[in-house]
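This report introduces a single structure to a reader who has not met it before. The surroundings of the ligand are treated before the strands and the helices.

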Amino acid sequence: MMEVERVQGIASISIPKDTIPPEFIRPENEQPALTTFPGLAPEVPVIDFANKDEKNLVDLIFDASCKWGLFQIVNHDIPSDVIRKLQDAGKEFFELTQHEKEIYAKPPDAKSVEGYGTKLQKEVEGKKGWVDHLFHKIWPPAAINYQFWPKNPPSYRCLPPLSLEKNWEKRKQNIISREANEEYAKYLHGVIGKLLRSLSLGLGLEGHELKDAVGGEELVYLMKINYYPPCPRPDLALGVVAHTDMSVITILVPNDVQGLQVFQDNNWFDVKYIPNALIVHIGDQSQIVSNGKYKSVLHRTTVNKEKTRISWPVFLEPPSELEVGPHPKLVSDENPPKYMSKKYSDYVYCKLNKLP
Ligand SMILES: O=C(O)CCC(=O)C(=O)O
């Protein structure tokens, strides 16, 4: 008997009834139909990552990170088939039977967020978001716990080690499979390196100083897949409720179903879907290290009546024992630190438990 009800199961019961359970109905001040900006939305910055003029690229990233805390990058060098394979493998996982998915369920009192799950943090009045998820780390190798990497579909990852697999067909499949999560992680390194360097230069620091302040080579890449099934009342429900990310930055690939919204100038605006673009979110740790220059973006997601939305954010997080605070070069008597320095694990604990 399953202890937790997954939204995917609730959706299959709700769709024929054309209603949703009351715990998914948001209060009026959150309902998307009442709170989404009705007119023509201003466009979130779209940045050409192949721009050869580094100064110009740094300026564009700096401006977008201060004003919006969110931007899309195009021409980023991650081949579209690497992204497509990542998406196919994730989609196939959520299309497995419930029983097969539950093998990867997050253990009930686990400290880590890794695993298949439904709810992240307690919400007021027991409200729920219309979304299930799967979390697992993809980098660095020492941080990976393969227990949470689905063995099915086989394209999810390379298993077992190629040399041990005797069946040639399976071996071939496993070779292809490297192109899903592992290949994506490999291509992400370049994008992340360039982003962190640009964000660092934008603050007037040396190119490596921002990355050094958040963990250097120990920076953790935490993959999440959000699975938002069709919802009979998308006017009343939300997928992920309004929040800022705890990460340094988050790099997200969506499928082609509209859903991400950003809060800007007191309005909720849709973030336009651009095929093959990566959506970069500035997270809390960048806001802290920059002493408030960069803005950790408030965002949420809506859901769709007919279509399943899926997104693949990768949260870049400092190692849990690292203390993160405003960069010493960015504070002075005239510009005192605006944030306390905290061990990242303490930061996460305080935020999840709403402590200062
Ligand atoms: O699905 C999206 O576009 C955003 C997801 C998100 O904000 C999250 O998982 O924290």
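## Ligand shell, strands and helices

Around the ligand stand Lys224, Asn226, Val240, Asp245, Leu252, Pro254, Gly259, Leu260, His299, Thr301, Ser311 and Pro313, a residue being near the molecule if its C-beta atom, placed from the backbone, lies within 6 Å of it. Two or more residues of this shell come from each of β5 (220–228), β6 (249–254), β10 (299–301) and β11 (309–317). Helices (H or I, at least four residues) and strands (E, at least two) are DSSP runs, numbered from the N terminus.

The model is predicted: local features need pLDDT of at least 70, side-chain atom pairs count only at pLDDT 80 or more, and totals for chains, interfaces and linings use all residues. Residues are numbered from 1 along each chain as its sequence is written.

Strand β5 also pairs with β4 in the antiparallel sense, over seven bridges; strands pair if DSSP finds at least two bridges between them. Within this pairing, Phe135 has Lys224 of β5 as its bridge partner, and Lys224 is among the residues surrounding the ligand. Phe135 of β4 is also the bridge partner of Gly115. Strand β3 (residues 115–117) runs antiparallel to β4 and is joined to it by three bridges. In β4 (residues 132–139), eight of eight residues are buried, that is, 20 or more other C-beta atoms lie within 10 Å of their own, whereas exposed residues have 12 or fewer, with C-beta atoms placed from the backbone.

Two helices each have a buried and an exposed side, as tabulated here.

| Helix | Buried residues | Exposed residues on the other side |
|---|---|---|
| α1 (residues 7–17) | Val7, Ile10, Ala11, Ser14 | Ser12, Ile13, Pro16 |
| α3 (residues 54–67) | Leu57, Leu60, Ile61, Ala64, Ser65 | Lys55, Asn56 |

The buried residues of α1 cover an arc of only 100° around the axis, which puts them on the same side of the helix; the arc is that of the directions from the helix axis to the C-beta atoms. These residues pack against β4, contact requiring C-beta atoms, placed from the backbone, within 7 Å. Just after α1, Asp18 has a positive phi of about 60°.

For α3, the buried residues lie on the same side because their arc is only 125°. Their cover includes β1 (46–48), β2 (70–74), α7 (181–202) and β9 (278–282). Gly69, just after α3, takes a positive phi of about 75°.

Terms used. The expected span of a helix is 1.5 Å times one less than its number of residues. Two residues are in contact if their C-beta atoms, placed from the backbone, lie within 7 Å.
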